Amino acid sequence: MSSVSPKSAKPPSIFVSDRVSVTVTAVLLAAAAISWIASYYLMPLMMMSNSSGMMSTSGVAAIVSTLSLSSIALFELVWIVGMAAMMFPAMIPMVLFYDKVKTKLESHPQLARIAGTPIFLAGYLVTYAILGLGAYLAVYGAIVLSSMFSLPVIVSIIVPSLILVGTGIYQFSSLKMRCLSQCISPFGFFATRSSKGLFGAFRMGFSHGTFCVGCCWAYMLVMLAVGAMSIPIMAGLAGVIALEKVIVRGSVWFNRAVAIGFISLGILVGLFPFILSFI
């Protein structure tokens, strides 16, 4: 009689190359690619939009200079599409685990796989939509304050520098590491945040999105306030996020390297402001 040695019994990997893995990975990468293309064409439209009747503005301020619903809706559309472009590749392990493990525990596994996956992703994107709305209001408030008070030119130099340095410092925080640990461990996340049904899929997506925002909000602040939502800056940050969550999976050395990189860049921007023109 043959038996299997306990040492040889390994838990199945979610990255096994089967039809589900290939399909989910291909769909997420295709959705990210389409979102990148959409961002490329939507970004100029957002930058040119300025219905406030105020003095001509440029960059993100061109649309954030008004609280009109159309401007907010356009910003949210561009923001959410941008988040899908940046974050979907890093979401592959989490969605694979949901499709290959979590759906098998549902009363209707096929329905959970077909409908639950997009609902899970929708819940995830809702958290970033909320973050986008907060970012919009924050930038609008900054624009209003700058128009009310004559701020010295030095402020426009100090703020980007402080944001970059602050992003680097945040890499060392316990909150960053706690949120990152939930993003890199699908098993750990679903073991503690599991909910059943389609509404449960939305709740899990929203919960995971909350941890993801906690992990990456500083990157998004850099993208918005320093990089003016430029495609190259978005692509660079998307690469950092994918490496952090999928490749090195929260490695301490990578986290420290990113922190030192942001802090160094922030100091350089403070000393040599012209560097901003290359960012």
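## Met87 and the nonpolar core

Leaving out residues up to four places away in sequence, Met87 touches Tyr124, Tyr128, Cys212, Cys216, Met220, Ile241 and Lys245. The model described here is a predicted one.

Met87 belongs to the largest nonpolar core, which has 66 residues. Met87 is also among the residues with the most contacts inside this core, together with Trp79, Met86, Tyr128, Cys216, Met220 and Met223. Helix H9, residues 197–226, supplies the largest share of the core, namely 13 residues. Three of the names just given, Tyr128, Cys216 and Met220, appear among the residues that Met87 touches.

## Overall architecture

The protein contains 11 helices and 0 strands. Read along the sequence, its pattern is therefore a run of α elements, α-α-α-α-α-α-α-α-α-α-α.

Of the 279 residues in the protein, 43% are buried. Among contacts with a separation of 6 or more, 79% join residues 24 or more positions apart. The protein exposes about 14200 Å², and carbon and sulfur atoms supply 75% of that area.

## Helices H5 and H9

Helix H5 covers residues 109–148, which is 40 residues. From its first C-alpha to its last, H5 reaches 57 Å, close to the 58 Å expected at 1.5 Å a residue. H5 nevertheless has a kink of about 45° at Gly116, shortly before the proline Pro118.

Helix H9 has 30 residues, which at 1.5 Å a residue should span 44 Å. The C-alpha atoms at its ends are 41 Å apart, in agreement with that expectation. H9 bends by about 55° at Cys216, a residue that Met87 touches. After H9 comes Ala228, whose phi is positive, near 50°.

## Ala201, a buried residue of H9

Ala201 lies in helix H9. Its relative accessible area is 0%, so Ala201 is buried. Leaving aside neighbours within four places in sequence, Ala201 is in contact with Tyr98, Gly116, Ile119 and Phe120. One of these, Gly116, is the site of the kink in H5.

Ala201 can also be compared in position with Tyr124. The two residues are 77 residues apart in sequence, and their C-alpha atoms are 9.8 Å apart in space. Tyr124 is one of the residues that Met87 touches.

## Ser195, in the loop before H9

Ser195 is placed in the loop between helix H8, residues 186–193, and H9. Ser195 is buried, with a relative accessible area of 12%, because that value falls under the 20% limit for a buried residue.

When residues up to four places away in sequence are not counted, Ser195 touches Lys102, Glu106, Gly200, Arg203 and Met204. Gly200, Arg203 and Met204 fall within the range of H9, residues 197–226.

## Cysteines without disulfides

The structure holds 0 disulfides. Why do Cys179 and Cys183 form no such bond? A disulfide requires two cysteine sulfur atoms within 2.5 Å. For Cys179, the closest cysteine sulfur is that of Cys215, at 6.8 Å, which is too far for a bond. For Cys183, the closest is that of Cys212, at 4.7 Å, which is again too far.

Cys179 counts as buried, because its relative accessibility is 7%. Cys183 likewise counts as buried, at 7% relative accessibility. Cys212, the partner closest to Cys183 by sulfur position, is one of the residues touched by Met87.

Conventions:
Residues numbered from 1 in each chain as written. Predicted model: local features only at pLDDT ≥ 70, side-chain atom pairs only at ≥ 80, totals over all residues. Heavy atoms only, no water. Buried < 20%, exposed > 50% of the residue type's maximum accessible area, 1.4 Å probe, protein only. Core = buried A, V, L, I, M, F, W, Y, C linked by side-chain atoms within 4.5 Å. Helix = DSSP H or I, 4+ residues; strand = E, 2+ residues; numbered from the N terminus. Contact = heavy atoms within 4.5 Å. Expected span 1.5 Å × (residues − 1). Bend = angle between axes of the 7 residues up to and from the residue. Areas by Shrake-Rupley, 256 points an atom, 1.4 Å probe, with all protein chains shown as cover.
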